[in-house]
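Please work through the following exercises with the model open beside the text. Each one sets a task and then solves it step by step.

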Amino acid sequence: MPYPYQIQSMEEYQTAWKKSEEDPEGFWGEIAENFLWRKKWDKVLTWNFKEPDIKWFSGAKLNITENCLDRHLETRGNELALIWEPNNPEDHHRLLTYEQLHFKVNQFGNVLRNNGVKKGDRVCIYMGMVPELAIAVLACARVGAIHSVIFGGFSAQSISDRIQDAHAEFVITCDGSFRGAKEIPLKPIIDDALVSCPFVKRVIVLTHTHAPISMIKDRDVRWEKEIHKVENLGNPPCIPEEMDAEDMLFILYTSGSTGKPKGVVHTCGGYMVYTNYTFVNVFQYKPGELHFCTADVGWITGHSYIVYGPLSAGATTLMFEGVPTWPDAGRFWSIVDKYQVNILYTAPTAIRSLMSYGLEPLKDKKLDSLRVLGTVGEPINEEAWHWYDEHVGKKKCPIVDTWWQTETGGIMISNLAGITPSKPSYATLPLPGVHPVLVDEKGQEIVGNDVTGNLCLLGPWPSILRTTYGDHERCRLNYFNTYPGLYFTGDGCHRDEHGNYRITGRVDDVLNVSGHRLGTAEVENAINMHTDVIESAVVGYHHDIKGQGIYAFVIYGGEEDEDDFTRKAISLTVVRVIGVIARPDKIQFVKGLPKTRSGKIMRRILRKIAEGETSNLGDTSTLLDPSVVEDIAKGAIK
Ligand code: WT7
């Protein structure tokens with residue numbers, strides 16, 4: 001058995017879950033024995049949720065890349081670690097065995113050290129989905145630097161905010177990247193971002209699109225030239241930095257209900273154990289299989305289930321540069337057939353978008369290599385679930401609906417493929433080590449089945465966030481203060497009569513647009529940056545493909561007409577401030593916003609209007625000026 005902790009039956013799942021409840025230290029300590037540690041832990045777990053202060057495997061020493069690379073060299077050095085499929089199907093794909101990936105990570109680790117990167121330094125990575133992105137991430141981990149990957153859809157302003165927050169003195173980027181028919185100018189965006197980050201010492205630029213770019217003396221260097229330098233030294237191995245289990249592995253920025261994204265911090269030991277455990281169990285990975293997660297490494301899904309989970313398990317992971325609909329809507333299916341993908345892990349928004357093209361793109365596709373399908377990022381509607389099941393899985397592949405968050409590091413609630421039952425639109429059961437609790441508004445636990453409430457988690461699992469970078473109090477207030485003693489997820493949830501969990505969506509002011517997480521306050525701040533906007537309110541509304549769309553109510557004070565031209569100007573402002581992922585879908589100009597006497601915007605009413613409801617708006621008597629509601633409802637955009 002390659003993974004002695006791989007659950008084989010419903011009974012084994014129940015036993016594992018029970019053991020994890022009764023004796024979490026014994027449970028996780030035993031699983032952790034299956035990894036490579038320089039030194040074992042003194043204590044498996046110490047924790048309190050008050051501060052919070054959570055430590056897994058205290059005293060243990062390791063380097064996660066020795067677990068993801070070195071330890072596989074003897075057993076599967078010549079097997080594929082990573083397959084890379086380019087944006088354009090006519091370009092060359094790339095294959096890297098464990099030996100080759102190990103070599104490249106060592107080489108680039110040496111480049112980092114040559115450029116002055118040391119343990120604990122923060123490195124911002126802003127690249128497209130190229131193999132060097134995974135290499136850069138692992139090289140950081142090898143030398144003990146803390147990576148902070150930023151998704152390619154964020155603007156210069158957003159990048160600059162993140163680089164400043166993390167005080168990252170090093171940046172790794174590409175000249176540009178390809179996404180469908182588009183070329184994204186990454187280096188020029190970095191150049192703009194760095195105008196306000198004079199402390200950045202070094203920018204390492206990978207050549208990918210061959211677009212002409214600026215290179216600033218003493219700051220910018222080419223990846224390829226730096227590689228030559230270490231080759232000239234004879235490519236010495238890059239000695240892995242010995243890390244404490246609780247040393248930071250990475251920072252990943254994510255949106256909350258306040259205006260400013262926060263840097264979620266994950267640490268080395270617990271994150272490694274949990275992403276590996278969940279990868280092996282949820283997908284029921286079998287050695288030799290090919291795992292294709294379509295996420296971007298700029299999000300947590302890519303960190304955990306393209307890079308760290310699969311590689312620590314010695315799996316073959318497929319990385320795709322492009323988009324599902326280019327050159328045609330059969331792109332995913334062609335990739336599945338071309339490489340004989342066994343596990344396909346994607347987002348409901350991608351499934352719904354592909355559904356809208358009908359069955360034509362699937363016509364000449366076999367898809368018979370598929371064994372397991374997965375979804376992540378947002379609730380999946382039953383129609384999309386059944387389409388995925390019938391037309392992609394041919395009713396032979398279990399679908400795992402995996403609920404989790406940037407903050408949880410790994411999958412929390414999900415069926416285990418083929419082992420525990422699935423139920424359309426339900427994430428189903430908690431993983432071992434996960435104890436969901438539903439609470440009402442007052443924080444009272446809701447016991448029993450067939451109930452709905454706010455989803456909290458009792459006690460820590462190994463990859464729970466440890467802090468938000470540079471602001472521990474913010475972490476406490478955000479997650480551990482709403483319901484004392486519990487971690488609050490921000491999600492609403494239903495538990496059915498059999499104890500299956502169904503996530504119903506966020507109950508805070510966080511939007512989920514095409515699986516991208518955005519705060520309403522964040523989008524409002526960006527809209528308000530437009531010189532003539534007086535005030536705005538943003539809510540989400542049901543969108544057939546994106547899951548949620550962004551609906552903005554704007555009080556405009558400019559001379560211009562309140563028309564599409566002005567809407568465009570406001571949209572462009574948002575794209576400048578946050579990035580293309582935050583572009584509002586609908587902008588309605590209003591004279592006033594529904595506010596209570598204390599000045600609070602009543603979003604409940606705006607949400608209803610955005611959903612197309614114009615009557616039955618509920619009690620408006622507490623509003624300062626109830627007549628604004630009527631005006632807004634009249635002007636609602638369909
Ligand atoms: C939010 C977290 C987890 C990686 C990708 C998103 C929603 C996530 C599901 C699911 C229903 C889901 C939740 C959660 N979500 N997975 N299977 N069913 N909702 O990570 O950006 O941190 O967003 O995504 O609302 O809180 P994220």
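**Exercise 1. Aromatic pairs.** State how many aromatic pairs the count comes to in this predicted model, and classify the pair formed by the rings of Tyr556 and Phe589.

Solution. The count comes to 38 aromatic pairs. A pair of aromatic rings is described by the distance of the centres and the angle of the planes. For Tyr556 and Phe589 the ring centres are 5.8 Å apart and the planes stand at 65°. Since planes over 60 degrees apart count as edge-to-face, the pair is edge-to-face. The last step is to place the two rings in the chain: Tyr556 belongs to strand S29 (residues 547-556) and Phe589 to strand S30 (residues 586-589), so that the pair links distant parts of the chain, 33 residues apart.

**Exercise 2. Helix pairs.** Describe the packing of H1 with H2, of H7 with H8 and of H6 with H11, giving the residues that make each contact.

Solution. Two packed helices are described by the angle between their axes and the distance between the axes.

Step 1. Helix H1 (residues 10-22) packs against helix H2 (residues 24-32) at an angle of about 120°, the axes being 5 Å apart. Because this angle lies outside 65 to 115 degrees and is not over 145, H1 is oblique to H2. From H1 the contact takes Ala16, Lys19, Ser20, Glu21 and Glu22, and from H2 it takes Pro24, Gly26, Phe27 and Glu30. Sorted by class, the contact of H1 with H2 has 3 nonpolar, 2 polar and 4 charged residues.

Step 2. For helix H7 (residues 156-166) and helix H8 (residues 186-194), the axes come within 8 Å and cross at roughly 55°, which makes H7 oblique to H8. The crossing of H7 and H8 is right-handed. On the H7 side the residues are Ala156, Ile159, Ser160 and Ile163, and they meet Ile189, Ile190, Asp192, Ala193 and Leu194 in H8. By class, the contact of H7 with H8 has 7 nonpolar, 1 polar and 1 charged residues.

Step 3. Helix H6 (residues 131-143) and helix H11 (residues 300-312) have axes that come within 10 Å and cross at roughly 65°, and the crossing of H6 and H11 is right-handed. Ala134, Val137, Leu138 and Ala141 of H6 make the contact with Val307, Tyr308 and Leu311 of H11. The residues of the contact of H6 with H11 divide into 7 nonpolar, no polar and no charged.

**Exercise 3. The sheet of 7 strands.** Give the strand order and the edges of the open sheet of 7 strands, and then follow one of its strand pairs.

Solution. The order in this open sheet is S5-S4-S17-S16-S18-S19-S20, and the pairing is mixed. At the edges are strand S5 (94-97) and strand S20 (399-402), each of which pairs on one side only. Neighbouring strands of this sheet are turned by 20° against each other on average, direction ignored. Within the sheet, strand S16 (residues 290-293) and strand S17 (residues 316-320) pair in the parallel sense over 3 bridges, and Leu318 in S17 is the bridge partner of Phe292. To finish, helix H5 (residues 98-114) lies across strand S4 (80-85) and S5, running at about 90° to S5.

**Exercise 4. The sheet of 4 strands.** Which strands stand at the edges of the open sheet of 4 strands, and what twist does this sheet have on average?

Solution. The order is S21-S22-S24-S25, with antiparallel pairing. Strand S21 (436-439) and strand S25 (501-506) each have a single partner strand, so one side of each is left without a neighbour in the sheet. From one strand to the next the twist averages 45°. S21 pairs with strand S22 (residues 451-457) in the antiparallel sense over 4 bridges, and Val439 stands opposite Asn454 in S22.

**Exercise 5. Backbone exceptions.** Locate Pro52, Pro327 and His210, and state the backbone geometry of each case.

Solution. Most residues other than glycine have a negative phi, and most peptide bonds are trans. A cis peptide bond joins Glu51 and Pro52, with omega about -15°, and Pro52 is in the loop between strand S1 (43-48) and strand S2 (53-58). The peptide bond from Trp326 to Pro327 is cis, with omega near 0°, and Pro327 lies in the loop between S17 and helix H12 (331-339). His210, a residue other than glycine, has a positive phi near 65°, and is found in the loop between strand S11 (202-206) and strand S12 (220-222).

Conventions:
Residues numbered from 1 in each chain as written. Predicted model: local features only at pLDDT ≥ 70, side-chain atom pairs only at ≥ 80, totals over all residues. Heavy atoms only, no water. Pairing = 2+ DSSP bridges. Helix = DSSP H or I, 4+ residues; strand = E, 2+ residues; numbered from the N terminus. Axes fitted to C-alpha atoms, helices over the stretch in contact; angles between N-to-C directions. Contact = heavy atoms within 4.5 Å. Parallel < 35°, antiparallel > 145°, perpendicular 65-115°, else oblique. Left-handed = near helix turned anticlockwise from the far one by under 90°. Nonpolar A, V, L, I, M, F, W, Y, C, P; charged D, E, K, R; others polar. Phe/Tyr/Trp six-rings, centres within 6.5 Å; stacked < 30°, edge-to-face > 60°.
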